[in-house]
Every structure is written in C-alpha cells, then in structure tokens.
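Hi everyone, thanks for coming. Today I'd like to walk you through one protein chain, step by step. Have a look at it first, and then we'll start with a single residue.

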Amino acid sequence: SGKFYQHGTTETSQATLASVSPVFAVMKLDKEGNVTFFEKKKTELYQELGLQARDLRFQHVMSITTRNNRIIMRMEFLKAVVTPEFLLILDYRNLNLEHWLFNELASQLAGEGQLVTYSLPFEFRAIEAILQYRISKLQGRLNTLQPQILETLEALVDPKLLSVDRSKLHILLQNGKSLSELETDLKVFKETILEILDEEELIEELCLSKWTDPQVFEESTSGIDHAEEMELLLENYYRQAEDLANEARELRVLIDDSESIIFINLDSHRNVMMRLNLQLTMGTFSLSLFGLIGVAFGMNLESSLEEDPRIFWLVTGIMFLGSGLIWRRLLSFLGRHLEPPLPPHVPAVLKKSQSAAGRVELKNNLKAETFGLSRSMLTNQ
C-alpha cells in the first residue's frame with residue numbers, strides 16, 4: 001500500500017508539473033526556407049531536442065552555448081535553437097520581429113540572401129543570420145543616437161549663448177544614458193564572441209554537420225576546414241562590433257569634451273558677473289567715502305561757508321572727482337592682481353641642458369625597447 005501511494009503521488013506530481021509547464025510558441029525554419037508554426041510545452045520540447053530543462057531556461061543576457069549537437073542562442077529577446085536540419089525560434093509572437101522573421105530570415109536560411117555562408121552547412125547560415133540581425137540592430141541604435149547627440153552638443157557649445165538651455169541638457173542626459181546602454185550591449189556581444197574564439201573546442205562544437213553527416217566530414221578533411229570557417233565568421237562580426245564600439249567611444253569623448261567646454265563657459269560668465277559686482281561695490285565705496293563731506297555740511301551747524309553761493313558746486317565737484325579717482329585706483333589695483341602670472345624666464349643654457357637630457361632619455365628608452373624586442377625574438381626562435 002505504501003508503494004502504491006508513493007507511485008500515485010509521483011504520477012500526480014508529474015501530471016501537475018506537466019500542466020503548469022510553460023508553452024512555447026515555436027517558429028520552425030528548415031534548410032529550404034519552409035516555415036511552420038506550432039505550440040509545444042517546455043517539457044516535451046526539450047525531450048524531443050535531447051536537451052535538459054535548464055538549457056531552455058533563457059536568461060536576459062546574450063549567450064551562445066552547445067549541448068548534444070544543438071546550438072542554443074540568446075540575443076537580447078531572441079531565443080533560438082539551431083540543429084543541423086532546422087532552426088527553432090521560441091516565443092516569436094512576443095518579439096515584435098515580424099518583418100525580419102517572415103520576410104528576411106527564411107530567404108537567408110535558404111541561401112537567397114547576401115550571406116557569405118550559403119555554400120556551407122545549415123548551422124553556418126543560421127548563426128550568421130542571427131548575428132547579422134543583432135549587429136544591424138546595434139548599428140541602427142547608433143545611427144539614431146549619433147545625429148541627436150551631435151545636434152545637441154552643437155547647440156550647447158555655441159559661444160553666443162550666455163546661458164545653457166536646460167531642455168537641451170535633459171536631452172543630452174537621456175542620449176548619454178542610451179549611449180551607455182549601447183556600449184554595454186556591444187561589450188557583452190564582444191565578450192561572448194571572444195569567449196568562443198579563445199576556445200578551439202567550442203568552435204569545433206559549433207560545427208554540427210561535421211560530426212553528424214559523414215559526407216561533410218569527408219569534405220572537411222579534404223580541404224574545407226569548417227572550424228576555420230566558423231572562426232572567420234565569428235571574427236568578422238567581432239570586428240564589426242569593435243568598429244561600432246569605437247564609434248560609440250568617440251561619441252562619449254565628444255560628450256565629455258563638450259561638458260568641459262560648457263563648464264568653462266559657465267565659469268567665464270560667472271567670473272564676469274563677479275567682476276562687475278566687485279566694480280560696483282568699489283564704486284559704491286568711493287561715493288560713500290566722499291559722501292561724508294556732504295553729510296558734514298548737511299548738519300545743522302553754522303559757519304561762514306554756507307553764505308557763499310559757490311561753495312555748493314565746489315564741494316559737489318570735489319566729492320565726485322575724488323570718488324572717481326579712488327574708483328579708478330581700485331580698478332587698476334584689481335586689474336593688476338587678476339592678470340595671470342607670466343611664465344618664469346628660462347635661461348638659454350638651462351633650455352639646452354633640458355633638451356639634451358630629453359634626447360638622452362629618449363635614446364635610452366629606444367635602446368631598452370630594442371633590447372627587449374631582440375630578446376623576445378631570440379626567445380621565440
């Protein structure tokens with residue numbers, strides 16, 4: 001009774017797992033470009049493909065792995081399984097890739113596209129089609145960001161503007177964030193390809209038809225090295241990703257340089273305002289200093305000076321003239337102390353000694369490099 005209960009519990013648990021297992025909407029493409037659609041549970045799919053459940057547990061990272069003569073690829077949201085006979089696209093309804101899947105992918109797999117691997121086995125065409133799609137998406141993102149960033153930077157670095165447009169800064173911040181995401185995606189793409197290129201066994205495992213079809217294996221031994229072709233294929237897309245990464249890096253350098261220019265312009269305008277404020281403060285101080293004369297004469301004191309009708313104009317003139325003279329003296333003092341210091345004078349003898357020392361150091365460095373290069377060549381030989 002105990003064994004019967006355990007057996008019934010196991011069957012119930014398996015039925016429960018089968019009922020709750022996810023269902024994949026699968027798009028199948030064969031060598032001739034024929035397309036079929038079907039739905040299948042995850043448990044049934046990995047059993048038919050000879051895989052494990054963890055192999056179809058796709059993570060949100062780019063990956064290219066092999067298992068049991070199957071290639072499992074993850075390119076952002078694209079999930080694919082490549083076999084020597086067909087290509088499976090999983091969850092194709094949620095990808096928003098109808099144009100590429102229905103109009104381009106089938107013809108590329110049938111050898112009607114512009115792929116260079118049309119004369120090689122099926123897995124070469126499938127891998128190149130997916131890598132080409134990924135590179136084209138990254139290139140499209142860069143082509144969209146580049147003109148927007150350049151236009152925003154041109155508007156922000158304009159020397160005629162005395163202030164920075166905050167809306168432009170907000171656009172630049174968003175574009176900079178998108179550029180960082182693009183750089184991260186390119187870095188992940190390159191690292192994934194580089195991990196395969198560093199391992200010859202992984203490259204061999206990607207050549208599925210070489211181990212399943214005897215005719216393909218004979219062709220490979222007679223002169224066509226499929227592992228070398230696969231390596232060239234991966235290196236091609238690695239170089240394309242490297243070129244895109246260099247362009248993205250140049251945009252990043254432009255953003256950093258433009259930010260420095262913006263900060264310098266803002267500092268310059270701030271210094272102008274501070275200088276103007278200081279000049280007005282000194283003018284107010286000069287007027288206040290000689291305004292004490294008017295305050296003294298405005299007191300209710302009797303003297304013989306207030307009886308003379310010319311004394312008012314004389315005192316007023318002395319006040320304004322003295323205030324102007326003091327203000328000019330303060331401005332000249334400010335100008336002398338705000339001028340940048342001149343570089344120290346270097347005697348001619350010292351310049352000659354410095355140049356000679358630089359030449360000696362340069363020669364020593366060249367000798368050291370030449371000596372190290374010759375030692376490495378001898379070691380290699």
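Let's begin with Phe37, which sits in strand β2, the stretch from residue 35 to 41. One thing to keep in mind from the start is that this is a predicted model.

So, is Phe37 buried, partly exposed or exposed? Its relative accessibility is 40%, and because buried would need a value under 20% and exposed a value over 50%, Phe37 counts as partly exposed. Now look at what is around this residue. Setting aside residues up to four places away in sequence, Phe37 touches Val26, Met27, Tyr92 and Phe102. You can also find Ala25 from here: twelve residues separate Phe37 and Ala25 in sequence, and their C-alpha atoms are 7.5 Å apart in space.

Let's zoom out for a moment. How many helices and strands does the protein chain have? There are eleven helices and six strands. The chain has 381 residues, and buried ones make up 31% of them. Here's another number for the whole chain: if you take the contacts with a separation of 6 or more, 60% of them are between residues 24 or more positions apart.

Next, the inside. The largest nonpolar core has 60 residues. Which residues have the most contacts inside this core? They are Ile64, Leu87, Ile89, Leu105, Leu131 and Met230. Helix α4, residues 122-156, gives the most to the core, with 15 residues. And where does the core lie with respect to the domains? Domain 1, residues 23-114, and domain 2, residues 145-267, both give residues to it, so the core lies between them.

Let's pick out Leu131 from that list. Leaving aside neighbours within four places in sequence, Leu131 is in contact with Ile64, Met75, Phe189, Ile193, Leu234 and Tyr237. Apart from the largest core there is another one, of 13 residues, and Phe24, Leu56, Phe86 and Leu90 are among them.

Now for a pair of helices. In general, two packed helices are described by the angle between their axes and the distance between the axes. Let's do that here. Helix α3, residues 98-109, packs with α4 at an angle of about 145°, and the axes are 9 Å apart. The crossing of α3 past α4 is right-handed. From α3, the contact is made by Trp100, Leu105, Gln108 and Leu109. From α4, the residues are Phe122, Arg125, Ala126, Ala129, Ile130, Gln132 and Tyr133. What kinds of residues are these? Eight are nonpolar, two are polar and one is charged.

Here's a residue I'd like you to find yourselves: Lys190, in helix α5, residues 166-197. Is Lys190 buried or exposed? With a relative accessible area of 14%, Lys190 is buried, since the cut-off for buried is under 20%. Not counting residues up to four places away in sequence, Lys190 touches Tyr238, Ala241, Glu242, Ala245 and Arg249.

Let's follow one of those partners, Tyr238, which has its place in helix α9, residues 226-297. Tyr238 has 22% relative accessibility and counts as partly exposed. With residues up to four places away left out, Tyr238 touches Lys190, Ile193 and Leu194. The C-alpha atoms of Tyr238 and Leu197 are separated by 9.6 Å, although the two residues are 41 apart along the chain.

Two loops to finish. Most residues other than glycine have a negative phi. Now go to the loop between β3, residues 63-67, and β4, residues 70-75, where you'll find Asn68. What is the phi of Asn68? Phi is near 55°, a positive value in a residue other than glycine. Asn69 is in the loop between β3 and β4 too, and the phi of Asn69 is near 60°, which is positive as well. Asn68, at 49% relative accessibility, counts as partly exposed, and so does Asn69, at 24%.

The other loop runs between α2, residues 42-49, and β3, and Arg57 is found there. Arg57 is partly exposed, at 48% relative accessibility. Along the sequence, Arg57 and Lys42 are 15 residues apart, and C-alpha to C-alpha they are 9.5 Å apart in space.

That's my tour. Thanks for listening, and please ask about anything you'd like to see again.

Definitions and conventions. Residues numbered from 1 in each chain as written. Predicted model: local features only at pLDDT ≥ 70, side-chain atom pairs only at ≥ 80, totals over all residues. Heavy atoms only, no water. Core = buried A, V, L, I, M, F, W, Y, C linked by side-chain atoms within 4.5 Å. Buried < 20%, exposed > 50% of the residue type's maximum accessible area, 1.4 Å probe, protein only. Helix = DSSP H or I, 4+ residues; strand = E, 2+ residues; numbered from the N terminus. Domains from an automatic or database assignment. Contact = heavy atoms within 4.5 Å. Axes fitted to C-alpha atoms, helices over the stretch in contact; angles between N-to-C directions. Left-handed = near helix turned anticlockwise from the far one by under 90°. Nonpolar A, V, L, I, M, F, W, Y, C, P; charged D, E, K, R; others polar.
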